[in-house]
Amino acid sequence: MLEKWRHNEGKEIEVFQEFKVLASEIISRTAFGSSYFEGQRIFDMINQLTLIIGRNRYRIRIPGIRNLVKTRDDIEAEKIDQEIRDSIMNMIKKREEAAMMSQSHGFGTDFLGLLLKAHHDNSDPDQSKRLSVEEMIDECKSFYVVGHETTATSLTWTIFLLAIHTDWQDKARKEVLELFGQ
């Protein structure tokens, strides 16, 4: 990302979009052990779902009618939600298969690995305390959405504040150089 920015010297850069890509890459790799491209499809579908929800936020609905008559947005939202669920299930199945093949009974130390460990935990005889597949999927969806947006927004605000407060920028640069060198 920084190399790409160096080639755009003197030009405007839409940093929020750049940080969304960076946050997507970081979350995909560290939390789910996948590349940005694998996670990108899920991010795109979550963004589409968010747009549909936002578009329908202020629509008045008669209780119970939604079960009888579905709008185009309802149908599209259900389809997208199912695709997200299927994509996450594929990641879960791949990880479970990899754990079975390695015979190490380890699912990894990332977020998905810890969820799978909680799902397959046999140490507690009370099966009701184990994490269900639906709970794992919901946790993954939440992690994607929350981690993606908050990270990109925080980085964007940080860059903005550093751009308008050059004295802070100089102090931050000096501290980074002291810690990491050139």
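This briefing walks through the helices, the nonpolar core and a few single residues of one chain. The model is predicted, and its average pLDDT is 86, with 95% of the residues scoring at least 70. Confidence is highest in helix α8, at 95, and lowest in helix α4 (residues 65-68), where the mean is 72. Keep the structure open as you read, and try to find each residue as it comes up.

**The nonpolar core**

- The largest nonpolar core holds 26 residues, and the members that touch the most others are F32, I42, I84, I88, I92 and Y144.
- Five helices each supply at least two residues of this core: α2 (15-32), α3 (36-55), α5 (72-102), α6 (111-120) and α7 (133-164).
- The biggest giver is α5, which contributes 8 residues to the core.
- To see one core residue in its setting, pick out I84: beyond its neighbours within four places in sequence, I84 is in contact with I42, M45, I46, L49 and K141.

**Helix α2**

- With 18 residues, α2 reaches 25 Å from its first C-alpha to its last, which is close to the 26 Å expected at 1.5 Å a residue.
- Its buried residues are V15, E18, F19, K20, A23, S24, E25, I27, S28, A31 and F32. F32 also appears among the core members that touch the most others.
- S24 is a good residue to look at in α2. With a relative accessibility of 2%, which is under the 20% cut-off, S24 counts as buried.
- A polar atom of the S24 side chain lies 2.7 Å from the backbone oxygen of K20.
- Right after the helix comes G33, and its phi is positive, near 65°.

**Helix α6**

- The buried residues in α6 include L112, G113, L115, L116 and H119.
- Seen down the axis of α6, these buried residues fall within an arc of 160°, so they line one face of the helix.
- What do they pack against? The buried residues of α6 pack against α2, α5 and α7.

**Helix α8**

- Helix α8 covers residues 166-180, and at 1.5 Å a residue its 15 residues should span 21 Å. Its end C-alpha atoms are 21 Å apart, so the model agrees with that expectation.
- Just after α8, G181 takes a positive phi of about 75°.

**Two more residues to find**

- L2 sits in helix α1 (residues 2-6). Is L2 buried or exposed? Its relative accessible area is 52%, so L2 is exposed.
- L2 and E18 are 16 residues apart along the chain, and their C-alpha atoms are separated by 10.0 Å. E18 is one of the buried residues of α2.
- T153 belongs to helix α7. Its relative accessible area is 31%, so T153 counts as partly exposed.
- The side chain of T153 reaches the backbone oxygen of E149 at 2.8 Å.
- How many residues lie between the positions of T153 and K79 along the chain? They are 74 residues apart in sequence, and their C-alpha atoms are separated by 28 Å.

Methods: Residues numbered from 1 in each chain as written. Predicted model: local features only at pLDDT ≥ 70, side-chain atom pairs only at ≥ 80, totals over all residues. Heavy atoms only, no water. Core = buried A, V, L, I, M, F, W, Y, C linked by side-chain atoms within 4.5 Å. Buried < 20%, exposed > 50% of the residue type's maximum accessible area, 1.4 Å probe, protein only. Helix = DSSP H or I, 4+ residues; strand = E, 2+ residues; numbered from the N terminus. Contact = heavy atoms within 4.5 Å. Arc of directions from axis to C-beta. Expected span 1.5 Å × (residues − 1). pLDDT = per-residue confidence, 0-100. Polar contact = N/O pair within 3.5 Å; in protein donor to acceptor, adjacent residues only side chain to side chain.
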